[in-house]
Amino acid sequence: MAGKVKWVTDIEKSVLINNFEKREWVQVTENEDWNFYWMSIQTIRNVFSVDTGYRLSDEQLVNHFPNHYELTRKDLMIKNIKRYRKELEKEGSLLAEKDKNGKYIYLDFVPVTFMLPADYNLFVEEFRKNPSSTWIMKPCGKAQGKGIFLINKLSQIKKWSRDSRTSTFVAASSGKEAYVISLYIDNPLLIGGKKFDLRLYVLVTTYRPLKCYMYKLGFCRFCTVKYTPSTSELDNMFVHLTNVAIQKHGDDYNHVHGGKWTVSNLRLYLESTRGKEVTNRLFDQIHWIVVQSLKAVAVSLYFWFLNVNASPSLTSSTANDRILKYNLINDTLNIVMPNGEIPDCRWNRSPPREALGNYQVLYDEEQAQSESAERDLRSRSGQLLGSKGARGSVGARPAAATWK
Amino acid sequence: MMDEGTELSLSIAHIVQRLKGSHLHSQIERQAKDCLHRPEIKLESLKEDVRSFLKTSGGLSQLPPSHPTAPLEHLKEPLAYMRKAQASWEKRILKSLNSMSTELGVPLARKRPGAEQKELINKWNEMGTDEPGLQTLPRVFGPCSHLPVLISLRNPNHDSCEDVSARSHWGLIQVPLNIRDIPQLRQAYTELNLSSGQLGIDDLAHVHPGIYRKQKDSLVVEQDSAAAQQYSRRGCPTGLRAALWALILNSTNQLQDMMHYEQLRAGVIQHNLLVDNLIYKDVKLTASNDDYYFVFEDFLYQVLLCFSRDTAVLEHFKYNSATPPKSYLHEKIHSAGIFIYSGVIPFHGFSMYVAPLCFLYNEPSKLYSVFREMYIRYFFRLHSISSSFSGIVSLCLQFERLLQTHLPQLFYHLRQIGAQPLRIAFKWMVRAFSGYLSTDQLLLLWDRILGYDSLEVVAELSDLSFSLTIAPQAVLADLSTLKVIPLIQIFLFATAI
């Protein structure tokens, strides 16, 4: 075994640095010969940019893939998913099957969405079909809930109209002021009368074949204020937006628990109040959505840390938070750098189950394909997997998921 | 001691009393009347026939299961010195409450003016975002202020020199109550035997078939209360627990239950009680800061405020050593001068009895109904002084005796340095571990409380928790990663002990 792993980071967070130090890795600067670089978004851009970038060697790993924004920028994510679905349809894949109303049966996991100002007219057409509905406006490139607002009248988004004379969208093509507008889901599941969202961590180690892992210890983020779909509260962000960055400014924000629940609490609650079957189905569908979203982004890469935002917050808002993130990074590093050895990008064996820590295998394409090949050899009966049907050209059934 | 015949009659009389006016009673009455018209009923054997008919039609199986040593439990406290201690404790609380009322200038009870009533109606579902002026409210009593009273209990008729048992008791509780020892516990809790499957550990989905049946996409529980209770001893599957507990507790959510809840709610709107402020303060300090229960804050206010107005709770004082407090009211809210209708004065941590139930029931009147049953069957025993097996005094004694048997050297050492184990375990027991265990583990513990109709498991778990967490290091324990049932099994049944 060669020397110790040399690391660099431009993010000064203890959950990272403590993990590097406990492995007795050596800290170096970015100009030196490093093995592992935990980069901020800006740095990634530089490293992989056409003008200023440089090639990584076989012994270097980073924590983002070059086109990470294909999934983390809201407009690109939508574009990719829409394109992915169309491709599947063209191939005649069973996954792209639609019901009699024209809705995708298996791939209907994003609400109706349009890009603004590009699709403004299409949006207006859709809006008029249901003029009492609420829509949510989100800036494409921002995070932490910044710039998000709800509308229920066309007049509220006049300035995104392409034909508008008062439009200030000179720089629309630069993508800086682009927005996506989606049909707002105004009847979310409420617990304790409050709206919440899910923060799940998914690690992708290779993209082709797809190998991804979901961290078992995700969490829910609750709003501090009771949910109401009432139009008089459409601009009350404490009701509608679950981002901690927003909620923590509310009067009722609690610094002990931070408005967070573990996913296992959620599971217990749902199983107890709605039954185990329904709950299992829910989680299966969540896993399904994650895998399909990853497949929709067809880019090859070394490895990639996925989150709704490209850079998951490594800031800890509560003590439990700090513990969670420390362990998360720990488990992540164990998977991508087994035995703490200097990485070799040609290495792409799957880690043994014991080495996963709190991750579970979400999808292992390689394993699934080899199992599928074995099965095909043994029998030609084309077993159906619950309601999902055979996979066809999209790849064999997932290795470890419990999809019924 | 009474003879068996009298005990049984008392037991039956008590059950009949409780059933009167309940939905179940009218059902059984109706069924009984129906079967009188059937040919298979003969006049001579009428009684037996009616009974067997009811049994086959399922009516009797819905009766609340009663504890094997039930009779004593259904009487008020038989031991005089216990009653005396409870009475004097109550006096102190009442005095404290009265002086609080005077100090703050807040009456024990008052009618709300119209505008205030209207505001409360609007805010009923989000009371958590209100009441800024409560910070000045002191606590009435925390759970641990109860402990000194228990420690000072003495049986005036008992001379400790006469103590037949060779070993002296090193703990704080110095009353000679009759509690079960380990062999007896083993016998009573056979279902926890290491060789029997337990849910939550062994994941036996097929344990006790017949308790439920599949109906379309869900599982439906068979309406057999006694069977449900038996089943619960091995732990309930998460998907069935809510239905099973409701069945064991005979908690229904029929129209009259919902109406009753609405009446209570109306009572809350109309009158403000000083104890309401205690409730607010308690929820804000405990449940709102809890990782698991903060989500349900608003439900807790609703349930507890309604609880304080529920005169049906007064029923349980028939077998509670406590007495509902009375005080002179400037405004006659209630003719008997009772300023808290349930007779139960909440204390710091009281809301934690309700909180775990929010994981099971998300409909307020159902949640209320189950909580109330849990309270009048079990939780009241945790904060009143009595000689009951399930009472806090017995639990403390049980804990100390078990620990002394289990880890005599440790106990002795801690006693020498003035660190009595009960001082740590007491707060766990008073809350039946709510807030000290992760919810999934807590619910498994409460499965057994319901299954065995006793709080003894709380004492057993305290002994185990103490041994495994405090023993290595005498600091505050973090029980949240504890796995409850395997510990109890090992303790009771492992041969090493």
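**Rings and strands in a predicted model**

Student: What percentage of the 404 residues in chain A do buried residues make up?

Tutor: This is a predicted model, and everything below is computed from it. A residue is called buried when its relative accessible area is under 20%. By that cut-off, the buried share of the 404 residues in chain A is 50%.

Student: Are A:F20 and A:W25 stacked or edge-to-face?

Tutor: A pair of aromatic rings is described by the distance of the centres and the angle of the planes. For A:F20 and A:W25 the centres are 5.8 Å apart and the planes make 20°. Since planes under 30 degrees apart count as stacked, the pair of A:F20 and A:W25 is stacked.

Student: And are B:F296 and B:F359 stacked or edge-to-face?

Tutor: Here the centres of B:F296 and B:F359 lie 5.4 Å apart, with 70° between the planes. Because an angle over 60 degrees falls in another class, the pair of B:F296 and B:F359 is edge-to-face.

Student: How many residues apart in sequence are the parts that the pair of B:F296 and B:F359 ties together?

Tutor: B:F296 is in the loop between α12 (274-285) and α13 (297-308) of chain B, whereas B:F359 is in the loop between α13 and α14 (364-377) of chain B. B:F296 is buried at 0% relative accessibility, and B:F359 is buried with a relative accessible area of 0%. The two rings sit in separate loops, so the pair ties together parts whose distance in sequence is 63 residues.

Student: Which strands of chain A stand at the edges of the sheet β5-β8-β6-β7?

Tutor: Four strands make up this open sheet of chain A, and their pairing is antiparallel. In the order β5-β8-β6-β7, an edge strand has a single partner strand, so one side of it is left without a neighbour in the sheet. The strands at the edges are therefore β5 (113-116) and β7 (149-151) of chain A.

Student: What is the bridge partner of A:P139 in β8(A)?

Tutor: Strand β6 of chain A covers residues 135-139, and strand β8 of chain A covers residues 179-183. The two pair in the antiparallel sense over five bridges. In β8(A), the bridge partner of A:P139 is A:Y179.

Student: Which strands of chain A does helix α5 touch as it packs on the sheet?

Tutor: Helix α4 (residues 74-91) of chain A also packs on this sheet, where it touches β5, β6 and β8 of chain A. Helix α5 (residues 120-129) of chain A runs at about 140° to the direction of β5(A), and the strands it touches are β5, β6, β7 and β8 of chain A.

Note on methods:
Residues are numbered from 1 along each chain as its sequence is written. Chains are lettered from A and ligands numbered from 1 in the order in which they are written. This is a predicted model: local features need pLDDT of at least 70, side-chain atom pairs count only at pLDDT 80 or more; totals for chains, interfaces and linings use all residues. Side-chain values use heavy atoms; hydrogens and water are left out. Buried means under 20% relative accessible area, exposed over 50%, partly exposed in between (1.4 Å probe, protein chains only). Rings of Phe, Tyr and Trp (its six-membered ring) pair if their centres lie within 6.5 Å; planes under 30 degrees apart count as stacked, over 60 as edge-to-face and the rest as tilted. Two strands pair if DSSP finds at least two bridges between them. Contact means heavy atoms within 4.5 Å. Axes are lines fitted to C-alpha atoms, for helices over the stretch in contact, and angles run from 0 to 180 degrees between N-to-C directions.
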